[in-house]
Amino acid sequence: MTGPFGFIEGFRAYRFHGRVLGRVLPVRPEELVGRSSVVAVDRDHRGNSHYRFLAEVLEPEQMFQVLGQGLEWSGGIAVFPRVDGLPPDLIEPGPDYLLGRPEDTSAEVRRLELCFRAVRSVLQNPPEVLPLDQHPEAADRLRRALRSPQVRSALLGVVEPATRHILVRLAGEEGSPPPKALRLAPALLDCLTLPEGQQVAALLVLQALCSSPRVRIGGLHREWQPEAFQSLLQESLFYMAMSDSVELRSASWALLATEALGVDRSRREAAAYLLMRHLEALQGEEAARALAALALAPTVPLPPAVEIAEPGFEVGTREREEAELAGVRADLEAWLATSGGSGEIPARANLKGEDHKILALARLLVRLNRSWRLQEEAGRDRHLAVLAPGLEQVLRQSMLQAWTAFAEARGTFLSRLVGSRNKEVYQDYLTFLDSGTVRLPHPPRLDLPVEVLPAGETLGVGASPLFLRLAALIPATGDHKGPSLLEVPDASPAQIALDPGRCRVFSMDAPSWRDFLATGVVSDRSSLQILEELYRSLAPGRPAPPSPPPRPPVSPPFDPPEADLEGLAQGLSHTFNLPRERHSAALTILVGLAGQSVRPLPLRRSV
């Protein structure tokens with residue numbers, strides 16, 4: 001062998017005459033017989049390495065014929081790869097990385113050693129996911145967690161209830177065979193063995209079901225907020241990472257370095273900051289492995305926490321509707337099983353032990369929320385009031401009587417009120433009602449509490465006043481004579497009684513949103529149609545036309561530097577909090593492991 005040479009061991013690049021890189025390879029002396037240009041690696045009593053050049057190995061004993069005192073052959077030789085195209089930093093490492101320098105005992109080197117072992121683990125071990133159907137006990141724990149009040153509460157405003165109900169059902173019922181399509185990371189299975197980790201495990205599975213294209217649901221656009229879900233997962237995993245349980249901490253660190261938190265750079269950096277604090281602890285190796293995965297993420301994809309295997313899940317329309325109804329019933333029964341405040345007493349008393357009422361309310365909620373999805377009205381707030389059973393028809397009849405009396409007081413007919421002065425006519429009608437001139441069995445206007453359902457939300461089971469009023473008014477006669485909902489125009493003055501003619505209505509006998517005057521049975525249907533035309537043209541503050549819901553915000557993907565070794569080395573140095581002068585060591589780690597990696601790295605330089 002002619003010319004100078006050197007080699008890489010761990011994160012150190014060694015140089016003793018020049019610029020050829022290599023590594024130490026353990027061998028048996030018999031294997032070297034007949035080979036030429038062999039560099040034997042000897043050790044002294046301090047563990048330092050010394051090198052011998054052998055032009056040719058003629059017999060095994062030749063490897064043990066060391067030249068210096070106190071040296072013995074280590075059982076290894078230096079092997080040198082081709083170095084064409086390697087960065088100069090690797091070919092000519094600085095003096096800080098020469099063997100035996102005092103800096104090698106510093107805390108920085110301890111982090112470099114952790115970095116090297118962690119990167120080697122990430123690159124040489126492919127991601128592992130385990131089939132859930134081989135862990136039936138874990139599957140049952142997952143099913144209980146998915147249906148728990150804690151998970152349901154955590155997902156409010158994150159996953160629309162109908163979507164949640166259908167996806168939860170995909171995991172199957174407790175005691176049934178687990179789905180073959182679900183595969184979980186070992187750390188997630190570990191979470192399922194610990195009561196404190198089961199909620200996080202359920203959230204991770206639900207997120208995968210929400211996002212996977214291998215989950216197909218007929219007739220339903222999955223309504224969920226990806227950014228909000230990732231924030232929820234990050235918060236949950238950070239909380240778990242501070243647990244007193246060694247097992248929980250270990251599982252949380254591994255899960256922080258999965259694809260669950262997405263591609264957002266700020267989330268990766270926040271996770272890396274948390275993990276960095278644990279490098280010096282007893283579990284430093286585990287924290288370092290998670291850190292290495294995060295640092296390499298621009299080039300080496302983060303492993304999945306949950307994998308949906310082919311063929312995935314297929315949910316038909318009828319199956320989806322059944323799942324949605326069953327999910328709302330389960331939510332209602334879970335709500336009734338808990339204790340509530342004094343304001344919930346009427347609703348709970350009305351439903352307790354009444355299966356047909358629970359079913360009627362579940363159908364009302366399912367159809368109500370489905371109507372909003374079908375009309376794509378999630379993009380605006382909704383102002384809602386509840387009408388008691390039977391009151392809808394009474395109000396229509398009363399309105400018709402009031403308008404007829406108003407027309408007679410003006411010496412005309414109802415049909416002649418519709419014209420070019422409709423707004424003035426309507427204001428005169430309101431003044432007529434306020435004067436108390438007409439006496440009716442039931443007033444055509446009424447004072448009702450109006451609740452605001454924020455944009456993007458659906459009406460779910462819980463302590464909201466709107467839900468509690470509906471639950472308290474479900475009658476014993478069944479769902480077709482249940483309460484109705486009025487959607488009030490946003491601009492309705494709060495100080496005057498509510499005029500139903502300006503509202504839309506939703507009821508169980510006609511489960512879709514209609515103008516209040518567009519349906520119903522009254523004594524004079526033709527007069528009601530005249531009123532409908534009048535209100536359509538003149539009533540102020542009609543609800544604005546529905547606008548398409550805004551798509552959930554999606555963070556732009558992290559755009560790393562060109563995926564070369566220098567860029568990855570910078571990421572490693574930053575993630576492990578190494579000073580700039582240690583950048584060459586991080587670069588050395590990547591080059592030394594690139595040839596042994598099962599996840600290829602780019603051996604090239606930026607142009």
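In this predicted model, Pro311 is found in the loop that runs between β10 (306-308) and β11 (313-315). The bond leading into this proline deserves a second look: Glu310 and Pro311 are joined by a cis peptide bond, with omega at about 5 degrees. A second backbone feature of interest occurs at Asn577, a residue other than glycine whose phi is positive, near 55 degrees. Asn577 also has its place in a loop, here the one between α19 (565-575) and α20 (583-594). For context, most peptide bonds are trans, and most residues other than glycine have a negative phi.

Turning to the side chains, the aromatic residues offer plenty to explore, with a count of 11 aromatic pairs. One of these is formed by Phe64 and Trp73, which meet edge-to-face at 5.4 Å centre to centre, with 90 degrees between the planes. Trp73 counts as buried because its relative accessibility, 11%, is under the 20% cut-off. Another edge-to-face pair brings together Trp224 and Phe229, with 6.1 Å between the centres and 80 degrees between the planes. Both Trp224 and Phe229 are buried. Elsewhere, Trp403, Phe406, Tyr426, Tyr429, Phe432 and Tyr535 form one aromatic cluster.

Aromatic rings also take part in contacts with charged groups. The charged end of Arg348 sits over the ring of Trp335, at 4.2 Å from the ring centre. Likewise, Arg396 lies over the face of Phe516, and here the distance to the ring centre is 4.6 Å.

Note on methods:
Residues are numbered from 1 along each chain as its sequence is written. This is a predicted model: local features need pLDDT of at least 70, side-chain atom pairs count only at pLDDT 80 or more; totals for chains, interfaces and linings use all residues. Side-chain values use heavy atoms; hydrogens and water are left out. Helices (H or I, at least four residues) and strands (E, at least two) are DSSP runs, numbered from the N terminus. Rings of Phe, Tyr and Trp (its six-membered ring) pair if their centres lie within 6.5 Å; planes under 30 degrees apart count as stacked, over 60 as edge-to-face and the rest as tilted. Buried means under 20% relative accessible area, exposed over 50%, partly exposed in between (1.4 Å probe, protein chains only). A charge sits over a ring if NZ of Lys or CZ of Arg is within 6 Å of the ring centre and within 35 degrees of the ring normal.
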